[in-house]
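Visitor: Please take one strand of this model and look at it closely, setting out its partners and its surroundings before you turn to the rest of the structure.

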Amino acid sequence: MAASGFEGFEKRLELHFTGDEPAAVRMGLRRIDFESLERVLHEVQCTVVSAVGNAHLDAYVLSESSLFVYPTKIVIKTCGTTQLLKSVRPLVAHARDLGLTLCLCSFPEEVAYLEGCLPTNVCSRKASIMRSHMAASHSWHVFTACDPDLVMDKGPAPEDFYTVEMCMTELDRGQMTALTGIGEINPGALICDFAFDPCGYSMNGIDGDRYSTIHVTPEEGFSYASYECVGSVYDDGDDIARMLRKVAWVFRPGAMSVSVTSGSSQVWTRVANALEPLGLKRRSCATDQFPEAGTVVFQSFTARRV
Amino acid sequence: MGSYLSSLLGAPAADGSPESSSEPSRVQAFHSTPRWQLHFNKVKDTSQLMVIDFAASWCGPCRMMEPAVSAMASKFADVEFAKIDVDELSDVAREFSVQAMPTFVLVKKGKEVDRIVGAKKDELERKVQKHRALMASS
């Protein structure tokens, strides 16, 4: 599915749903009454011209399109002027009435849903999957959308700030429970944290107009910790390096990725140098640019284990 | 076809549909094979055209056609319209080799003369008109 194509001749939308009740799932979306379906199709400017169903699905031939309704899946394929994505929200609402929820189990589905919710003036959109050296599950998925005509004249220029997101796996076992040193990452921040039972930890820090946040899932076999913070181009260049090192030192991950989203800042260049002394070797670096949102640089690292 | 499906549904069963409970509809629904057999045999002995609407309560296209079928039944008062739920009378559905819904089987003197598979309003009307005209001349 073309996540960002509004110019294509043919568009295809596939929505997957899931539900708890076996009865809800058995016939599922096929229970959406025809009048409701017609109203949804009216929203996307097409009508049913013919239809047939069997034990497995209902198939509708529409003006310029086709619609297939399975118990837990809807497929719409359209050409011409049909505004496909406008069907997402009403379909999700009808499904909810039947006890079904949208299964956003893939990035294209999530993007489709997001796009279905956005107003038309927010037309500058981009979706991108940025790869790392690791498995597909360690890719960085980005979706941005903005109104290119909107001029933001309040507050500091967005390009003065950047966001750093660190995702860490294969954490040091001892550190997962002790979490010593977390308070030292940004000593000036006001901390608000919560320790979950039996394990897990979340923390928010606020420092002036900037936030930072940590989430730890220490389960054996799939330990994970994330750290996110906001920095400014007017900060001391060493600050970000210090912060990165502190985080890596606290969690001692076997593998990690660092994503930097910024306007024009070159802060991403400092990441690899900051982590190298801790034995974290850079394995990949991917860059992509997003309209109005800035540049995302996604780098992955692995620890050189002794 | 899965007769267990409509009982799990909780959705209105065939005999709960609007056409048989709120409005007087010329479409007669059948809920038992013996009753259907009686009716079929009765019509067989006449020269009357019968349209059998095979539908399922869980099938969207069937629900889509309901108003059109009711209207057609009212319009063509000399044509017999019967409705069969494929879960309720699955043996009859099998007998008529119904694979998809809605399926409209046009029958005269007990023999199939035409069939429409799918919610095709115009085609159904056209064929009913055609066989109805033939009926008048026979």
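**A strand and its neighbours**

Guide: Strand β14 (residues 255–262) of chain A runs antiparallel to β9(A), and 8 bridges join the two. Strands here are DSSP runs of E with at least two residues, helices are runs of H or I with at least four, both numbered from the N terminus, and two strands count as paired if DSSP finds at least two bridges between them. This is a predicted model, in which local features need pLDDT of at least 70, side-chain atom pairs count only at pLDDT 80 or more, and totals for chains, interfaces and linings use all residues, while side-chain values rest on heavy atoms, with hydrogens and water left out. Residues are numbered from 1 along each chain as its sequence is written, and chains are lettered from A and ligands numbered from 1 in the order in which they are written.

Within the pairing of β9(A) with β14(A), Cys167(A) has Ser257(A) as its bridge partner. Strand β9(A) also pairs with β13 (residues 224–232) of chain A, again antiparallel, through 9 bridges, and in that pairing Thr169(A) stands opposite Tyr224(A). Of the 9 residues of β9(A), which covers residues 161–169, 8 are buried (under 20% relative accessible area, with exposed meaning over 50% and partly exposed in between; 1.4 Å probe, protein chains only), so the strand is largely enclosed by the rest of the structure.

Beyond the strand, Glu170(A) lies in the loop between β9 and α5 (173–178) of chain A. Although Glu170(A) is not a glycine, its phi is positive, at about 55°, and its relative accessible area of 47% makes it partly exposed. A comparable backbone setting is found at Arg252(A), in the loop between α7 (237–251) and β14 of chain A, where the residue is likewise not a glycine and has a positive phi of about 45°; Arg252(A) is partly exposed as well, with a relative accessible area of 37%.

Chain A, in which these strands sit, has 8 helices and 16 strands, and buried residues make up 44% of its 306 residues. Of its contacts (heavy atoms within 4.5 Å) between residues at least 6 apart in sequence, 63% join residues at least 24 apart.

The whole structure also holds 2 cavities of 30 Å³ or more, a cavity being a set of points, on a 1 Å grid over the protein atoms alone, where a 1.4 Å probe fits but cannot get out, with lining residues having an atom within 4 Å of a point. The largest has a volume of about 40 Å³, and its lining includes Ile182(A), Asn186(A), Met203(A), Ser212(A) and Tyr227(A). The elements giving two or more residues to that lining are α6 (182–185) and β12 (210–217) of chain A.

The second largest cavity also encloses about 40 Å³, and among the residues lining it are Asp53(B), Glu66(B), Lys83(B), Pro102(B) and Phe104(B). Here β2 (49–55) and α4 (60–75) of chain B are the elements that give two or more residues, and α4(B) supplies the largest share, 3 residues. Pro102(B), one of the lining residues, is in the loop between α5 (90–95) and β4 (103–108) of chain B, and a cis peptide bond with omega of about -5° joins it to Met101(B).

Conventions
1 Å grid on protein atoms, 1.4 Å probe; cavity = no way out; pocket = protein on both sides within 12 Å on 5 of 7 lines; lining within 4 Å. Points joined across faces, edges and corners; volume = space filled by probe spheres on them.
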